[in-house]
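Grab a coffee and open the viewer: here are some exercises to work through. Try each one before you read its solution.

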Amino acid sequence: MRLLALVLGLATTAHAQSGDWTIPAKDYAATRYSSLAQITPTNVKSLHPVWTFSTGVLGGHEGQPLVVKHTMYVVTPYPNVLYAFDLTQDGYPLKWKYRPAVDQNAVGLSCCDVVNRGASYADGKIVYNLLDGHTVAIDAATGRELWKTPIADLTRGETVTMAPFVVKNRVIVGASGGEFGILGSIKALDLASGHLVWTATNLGPDSSMHIGANFKSLYDTGSNLGVTTWPTDAWKHGGGPVWGWLSYDSTLDLVYYGSGNPGPYNPEQRAGDNKWTASVMARRPSDGSLAWAYQFTPHDSWDYDATAEMVLVDLTIAGKPRKALVHFDKNGFAYTLDRATGELLVAEPYVDVNWATKIDLATGRPVLNATKATGASRGNVRDICPTLEGGKSPASPVSYSPQTKLFYTATNNMCMDYEAAQSTYLAGTPFLGANTPYHAGRGGNLGFFISLDPTTGHKVWQIPERYPVWSGSLATRGNVVFYGTLDGWFKAVDATTGRALWKFKVGSGVVGSPITYTGPDGKQYVAIYAGIGGDWFLLSGDYRSDDPADVRDPADFARDLARYTSQGGIVWIFAL
Amino acid sequence: MDLRALILAFAVVGCNSKPVRLVRGRKEGVPPTIRPSARIFAGGIAPPAGALGNPLPENAKTAAEGAKLFTSMNCDGCHGGGAVGFVGPSLTARRWRYGGSDGEIFTSIYYGRSHGMPAFGGALPPEMIWKIVTYIKSLPPPTDLPTESWQEVGGDR
């Protein structure tokens, strides 16, 4: 076994240099915490850009670059170009670029912009997904394509935006399409050959979900719940996609991920819990068997995907040490579970929530506010908090510092009206049935950047932001936390106090996630993508700034965002 | 309902060009397509083609039926409620990538477009598509699109 030294609860790849950033979340525990400490609250004010690069692509630049052995790897949104920059040379010239053929029909099957959430490095390969439903492995040294495997079917509305997760010679991937009525699933490919090893669905019969005798659910009983909690055959178009981040505990040998929303958005077309959409799944990477699952939002009626990261940290809760899993759900609650068993330990709102009054820790179920139930027969249900953008977006991963023992995350301060309508399943077209305009939440500002104590679920500090905050965050041993804003500021704050330390205007709104690494000169660098997009390209003025045919009235909230930003991808690198 | 017959019927009715001889063994006659008026014509000469016109009465009743289809057949999933644009382009802006005549809009829906507009011609009968066309053409255009100014509001909410 080549991988996996478990140090302080953080798994790292043994062949990566400690100052490298080789997988999307830095470590298998998905903490986005770096032990680098040259940049501190005292000196961060002298941070300045040392290099920029235009990707030439307008789509939302979610995800993050990788740095492996003094090479930086950047994956663009569609058309999914992969760049390899030589960090040892002046001006960081390209070593190579890989420009795959990508079916442009995928553009119209992307619910929420043609984003890509990045690559993973493993065994000399850069592995990433193409929007049109392929996983590719590229030789990290030469840029040569080693294998290319189809993993999704465009004709059924499946596209791929997530970053592959590599563990134990398994490349784990899944498809987006919760807005197109796909049958959500997760697949494992062999790292060496690209061959499909297993496919497990997130809904449907136990056999296709890889639920066997060892499956345990603390809050649900019965077999074939992925069928019986739906009207006849509705699970076949029931969504539950995989488009977020994964994590892995090497001791328990479990991979964790969340499933997306059920389809369609009109919940009256799918009476029942709709298992296992909007759930956390714990699977064995070797064969995909499901060890346990827990559904955050049964019969989700608000598009509350559970695809946000499951961060694996060891905590002391009520005096008891716990191998915990912490998850900030779109539904507005931050959950702490026991990651061995799926036992619910803490569930507290981290933003304003009104669709449920609380999560009942005994039953594991939300206590619903009946006035916020949606459906075609209920007309326009007003003022539901949070919106379907989530209390935070799964596209904006949290970070965790083992020093402060705090989580750091972007949040949205918005509520929505939800007018559901009957929807028709037509393969390859949206399967939605809801109109859901947003408005600002309490206080009028549209977002915050917050810190939170996972043992209590309580906020420690918060920074109001004018717009929804849609970037990932980065925590460092230097006690500096980084994040970006939609109006194009890249910011550094004190990890303990939240005090603003530094900011720089990066040319476009930030929806990517910062990383930090050690350069060939031994210095600490910080990198971030600028490039507004994801759901927020809709607010940046023109939908496609390169298409004069595509203009529209500004959104009826945040209408001045277009004054501060426009589309266009830029890679930024900063140093002291 | 055979759509080809329908298209040919309208093509013939609306044709104001001489029939063209098509090469490679295809039949001589009016091609079942519309005049691509949104394009640049080589030499300034338009290719001969029939016109495709909306067979339905373009009134509020047809538009209202089209509005219902726009939602129930999932158009709003990409183009947004009211067709004001979502991940797909706005259809109210009076600016068209692929042409804004009734026939051109029909063709975009029927055959799809390569940047991701699905072809609905197999799933929906032509009459439904014409209703959607009527709805789209009935939408009020937005105001003052070319210039967006923040002068009056000073950038503050």
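The exercises below start with whole chains, go on to a single strand, and end at the interface; keep in mind that this is a predicted model.

**Exercise 1. How many helices and strands are there in chain A, and how many in chain B?**

Solution. Start with chain A: there you should find 2 helices and 41 strands. Its C-alpha atoms fill a box of roughly 60 × 55 × 55 Å along the principal axes. Now go to chain B, where the tally is 5 helices and 0 strands. Reading chain B from the N terminus, you get α-α-α-α-α.

**Exercise 2. What percentage of residues is buried in each chain?**

Solution. A residue needs 20 or more other C-beta atoms within 10 Å of its own to count as buried. By that rule, 62% of the 576 residues in chain A are buried. For chain B, with its 157 residues, the figure is 34%.

Next, look at contacts between residues at least 6 apart in sequence. In chain A, 61% of these join residues at least 24 apart; in chain B, 62% do.

**Exercise 3. Find strand S14 of chain A (residues 170–174). Are its faces covered or open?**

Solution. First count along the strand: 5 of the 5 residues in S14(A) are buried. Then split them by side. Arg170(A), Ile172(A) and Gly174(A) sit on one face, Val171(A) and Val173(A) on the other, and all of them are buried. Both faces of S14(A) are therefore covered, with the cut-off for burial being 20 or more other C-beta atoms within 10 Å.

**Exercise 4. Which strands does S14(A) pair with, and in what sense?**

Solution. Take S13(A), residues 165–167, to begin with. S13(A) and S14(A) pair antiparallel over 3 bridges, and Val166(A) has Val171(A) as its bridge partner. These two strands form a hairpin with 2 residues between them, and Lys168(A) in this hairpin takes a positive phi near 50 degrees.

Now try S15(A), residues 185–190. S15(A) and S14(A) also run antiparallel, joined by 5 bridges. Here Gly174(A) is opposite Ile186(A).

**Exercise 5. How many residues of each chain are in contact with the other chain, and which helices of chain B supply them?**

Solution. Count each side in turn: 30 residues of chain B are in contact with 34 residues of chain A. On the chain B side, helix H2 (60–72) and helix H3 (76–79) each supply at least two residues. Finally, sort that side of chain B by type: you get 15 nonpolar, 11 polar and 4 charged residues.

Definitions and conventions: Residues numbered from 1 in each chain as written. Chains lettered and ligands numbered in written order. Predicted model: local features only at pLDDT ≥ 70, side-chain atom pairs only at ≥ 80, totals over all residues. Buried ≥ 20, exposed ≤ 12 C-beta atoms within 10 Å, placed from the backbone. Helix = DSSP H or I, 4+ residues; strand = E, 2+ residues; numbered from the N terminus. Pairing = 2+ DSSP bridges. Contact = placed C-beta atoms within 7 Å. Nonpolar A, V, L, I, M, F, W, Y, C, P; charged D, E, K, R; others polar.
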